Amino acid sequence: MLAFAAAALPLHAAPPAADDFAHQAQRLLEQTYAADAPGAVVLVARGDTVLWRAARGSTETEAGRPLTPNDRFHIGSLTKQMAAVGLLKLVEAGKVSLDDTLARYVPDIPNGDRIVVAQLLNHTSGISGLPDMAQTPPGLLPLQASTDALINAFKNQAPAFAPGERFAYNDSGYILVGKIIESASGKPWHAYLEETLFRPLGMRDTCYCTGPSIVSGYAQREGRVRRVAPNITWEHAAGALVSTLDDLLKWNRALHEGRVLTPATYQQLVTPRGPVGNYGFGIDHGPLNGREQLSHSGSVPGHAAHLLYLPGPGLTVALLRNRNDGREYEALARLARQFAAMALGEPAP
């Protein structure tokens, strides 16, 4: 149990009536985003009861189509959480061990005989890699690069630090997670996740995909807000998936309510270990008004995401945004905490 969760919770007010919460939340959403510009969609639920579900803003801004709560967005690094869970399913099946060395799956990486799988999952491997695959210099990789081609683009860089020495958030480590999934399952990482997780959970709108069914994303470029899109090949298991609010609710409930992993494996997922502080395997910990909060953000060109879960009240907040100038996920995380506190009748953190 984390220190902040062990402390006595402050006295909390009763949650507001459903209509009152929806009114307050809608007002905050409208104060945050304009109706005729890129905006966001949001869902707040307690267990499987959706308290409020809304959209504000537009996509295809030239034509002015309003966003809807059913729209599909790139979810960026929320992909990491799903990839981590997929790998842990392979651990449960006896096909991978968290103590396996990276060298077992990918030879010739510096420190590969000292880096273990768990260190890839919690960003303590010391792998340097490319800090942002979306900003890879032109010509370094083809537009459609294989997993091995991606790994070859960073595998020979000098390590940033010794394995386990410290924490450094790193996309390249999760590309290697994808490689391990492929090696152990015999399937492309995304096909394995679809077969093992998304299809059984009824997550029909979550996929490794592109196309017109995904809302357009926007970013500030050269003094103007322009349409942009991520290269999902380069994002790989670090950030390539697409999803919806309703699928993220299904994911949160199934994962945190014991329908995906065994209790022992789930504890490995959510428990920080080593010099990590508040990060498990694709899971951030942080207090919200004295409560334990499990969350993760996502960021790719034009899209940002945040998914939050409060174990006590079983509260989910999912936010998806179709504008991202680089660090929009930070604003989404703050907004998600506000919606969560509002739903509980507590002060905004």
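Tyr208 has a relative accessibility of 26% in this predicted model, so the residue counts as partly exposed. Its aromatic partner is Trp189, which at a relative accessible area of 1% is buried. The centres of the two rings lie 5.5 Å apart with the planes at 75°, and the pair is therefore edge-to-face. This briefing covers the aromatic pairs, a charge placed over a ring, and helix 2.

**Aromatic pairs**

- A search of the whole structure finds five aromatic pairs, among them a tilted one between Phe167 and Tyr279, with 5.6 Å from centre to centre and 50° between the planes.
- The pair of Phe167 and Tyr279 links distant parts of the chain, 112 residues apart, since Phe167 belongs to the loop between helix 5 (147-154) and helix 6 (171-185), while Tyr279 belongs to the loop between helix 10 (263-270) and strand 9 (284-288).
- Within this pair, Phe167 counts as partly exposed because its relative accessibility is 29%, whereas Tyr279, at 1% relative accessibility, counts as buried.
- The edge-to-face pair of Trp189 and Tyr208 ties together parts that are 19 residues apart in sequence, because Trp189 lies in helix 7 (residues 189-198) and Tyr208 in the loop between helix 7 and strand 6 (217-221).
- Phe21, Trp52 and Phe339 form one aromatic cluster, and Phe21 is also one of the buried residues of helix 2.

**A charge over a ring**

- The ring of Tyr174 has the charged end of Lys80 sitting over it, at 6.0 Å from the ring centre.

**Helix 2**

- Helix 2 spans residues 18-32, which makes 15 residues, and from its first C-alpha to its last the helix reaches 21 Å, close to the 21 Å expected at 1.5 Å a residue.
- The buried residues of this helix are Phe21, Ala25, Leu28 and Leu29, and, seen down the axis of helix 2, they fall within an arc of 100°, so they line one face of the helix.
- On the other side of helix 2, the residues Asp19, His23 and Gln31 are exposed.
- The packing partners of the buried residues of helix 2 are strand 1 (40-46), strand 2 (49-56) and helix 11 (328-344).

Terms used
Residues are numbered from 1 along each chain as its sequence is written. This is a predicted model: local features need pLDDT of at least 70, side-chain atom pairs count only at pLDDT 80 or more; totals for chains, interfaces and linings use all residues. Side-chain values use heavy atoms; hydrogens and water are left out. Rings of Phe, Tyr and Trp (its six-membered ring) pair if their centres lie within 6.5 Å; planes under 30 degrees apart count as stacked, over 60 as edge-to-face and the rest as tilted. Helices (H or I, at least four residues) and strands (E, at least two) are DSSP runs, numbered from the N terminus. Buried means under 20% relative accessible area, exposed over 50%, partly exposed in between (1.4 Å probe, protein chains only). A charge sits over a ring if NZ of Lys or CZ of Arg is within 6 Å of the ring centre and within 35 degrees of the ring normal. The expected span of a helix is 1.5 Å times one less than its number of residues. The arc is that of the directions from the helix axis to the C-beta atoms. Contact means heavy atoms within 4.5 Å.
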